[in-house]
Every structure is written in structure tokens, then in C-alpha cells.
Amino acid sequence: MSQQGAALQSYNNELVKCIEELCAKRDEIHKSILQEEEEKVKLQNDIRVLSESLAKVNESLAKKMATRNEFDRTIAETEAAYMKILESSQTLLSVLKRESQSLKEKSVPAPGAPSSRNLLPS
């Protein structure tokens, strides 16, 4: 019986050793879980901060794009108005040249016509 008691004691010691090893591995895994949970919380916070920054950048971009579109519209309208002014100036210059030429032709006496000096009483 003492031999059976010794075998039983040996099995018991081995069983206790296995249980202690399993507990040690469990503790390692638990520490790893805690570290990863801390990392997860940190990453979630980073994501929140980055999401807020992204939202602010998107808002700023939208405002700047709207302003740029207003500039584009104003520039296009100004260029169109400027082209109309150039066309009007060109038309005015053509009319002015034509009228000037017409006035020159009227003021030059035709050959053989009495000059305006001869019409004045002496």
C-alpha cells in the first residue's frame, strides 16, 4: 500500500505542478490582454482625435473650395465684361475714325469751289 501511496503522491505532485504551470500561462495571457486593452484604448483615442482633426480639415476645405468657386465665378464675369468693354472700345474707335475721316472730307474744299475766305466781306 505504501507503494500505491507513493505513486499517488507522485501523481498529486505532478498534477499540482501542471496546475501551477497552467496558472502561470493564464497570468501571462491576462497581462497580455491588459496590455492590448490599454493599447486599444489608446488607439481608439487616437482615432477619435484624428477623426476630429479630419472633420475640421474637411470643413476648412469645403469653405476654401466655396471661396475659390466664388473667385472663379467673379473672374469669369469680370473677364466677360472686360471683353465687352474691349469690343465696345474697338467699335467706338472705328466709328470715331470713320466720322473723323468724314469730317476731314467735308472740310477740304473741292477743286474749283470758292473758299470760305472769299465769301467773307472785305
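A residue is called buried when its relative accessible area is under 20%, exposed when the area is over 50%, and partly exposed in between. Arg 48, with a relative accessible area of 43%, is therefore partly exposed. The structure described here is a predicted model.

## Overall make-up

The secondary structure of the protein consists of 1 helix and 0 strands. That helix, H1, covers residues 2–107. The protein has 122 residues, and buried residues make up 0% of them. Its accessible surface comes to about 11,700 Å², and 61% of this surface belongs to carbon and sulfur atoms.

## Salt bridges

How many salt bridges does the structure hold? The count is 5. Three of them are described here, including the one formed by Arg 48.

| Pair | Closest N to O distance |
|---|---|
| Arg 26 and Asp 27 | 3.6 Å |
| Arg 48 and Glu 52 | 3.1 Å |
| Arg 73 and Glu 77 | 3.4 Å |

A salt bridge requires a side-chain nitrogen of Lys or Arg within 4 Å of a carboxyl oxygen of Asp or Glu. With 3.1 Å between their closest N and O atoms, Arg 48 and Glu 52 therefore qualify.

Where do Arg 48 and Glu 52 lie? Both are in helix H1, 4 residues apart, which is about one turn of the helix. Glu 52 has a relative accessibility of 41%, so this residue counts as partly exposed, and its partner Arg 48 is partly exposed at 43%.

The pair Arg 73 and Glu 77 also belongs to helix H1. Because these two residues are 4 residues apart in the helix, about one helical turn separates them. Arg 73 is partly exposed, since its relative accessibility is 46%. Glu 77 is partly exposed as well, with a value of 49%. The limit for calling a residue exposed is over 50%, so Glu 77 at 49% does not pass it.

In the pair Arg 26 and Asp 27, the side chains meet in a salt bridge. Are these residues exposed or partly exposed? Arg 26 is exposed because its relative accessible area is 53%, whereas Asp 27, at 41%, counts as partly exposed.

## Surface patches

Two patches on the surface can be described, one nonpolar and one of negative charge.

Which residues make the nonpolar patch? Val 57, Leu 61 and Met 65 form it, and its area is about 260 Å². Met 65 is placed in helix H1. With a relative accessibility of 44%, Met 65 counts as partly exposed. A patch residue must have over 30% relative accessible area, so Met 65 at 44% meets that condition.

The patch of negative charge gathers Glu 36, Glu 37, Glu 38 and Glu 39. Glu 39 has its place in helix H1. The relative accessibility of Glu 39 is 39%, so this residue is partly exposed. The value of 39% is also over the 30% that a patch residue needs.

## Cysteines

A disulfide is a covalent bond between the sulfur atoms of two cysteines. How many disulfides does a search of the whole structure find? The search finds 0. Among the cysteines, Cys 18 is partly exposed, with a relative accessible area of 38%. Cys 23 has a relative accessibility of 41% and also counts as partly exposed.

Note on methods: Residues numbered from 1 in each chain as written. Predicted model: local features only at pLDDT ≥ 70, side-chain atom pairs only at ≥ 80, totals over all residues. Heavy atoms only, no water. Patch = residues over 30% accessible without salt bridge, like charges linked within 9 Å, V, L, I, M, F, W, Y side chains within 5 Å. Areas by Shrake-Rupley, 256 points an atom, 1.4 Å probe, with all protein chains shown as cover. Buried < 20%, exposed > 50% of the residue type's maximum accessible area, 1.4 Å probe, protein only. Lys, Arg positive; Asp, Glu negative; His and termini not counted. Charge placed at Lys NZ, Arg CZ, Asp CG, Glu CD. Disulfide = S-S within 2.5 Å.
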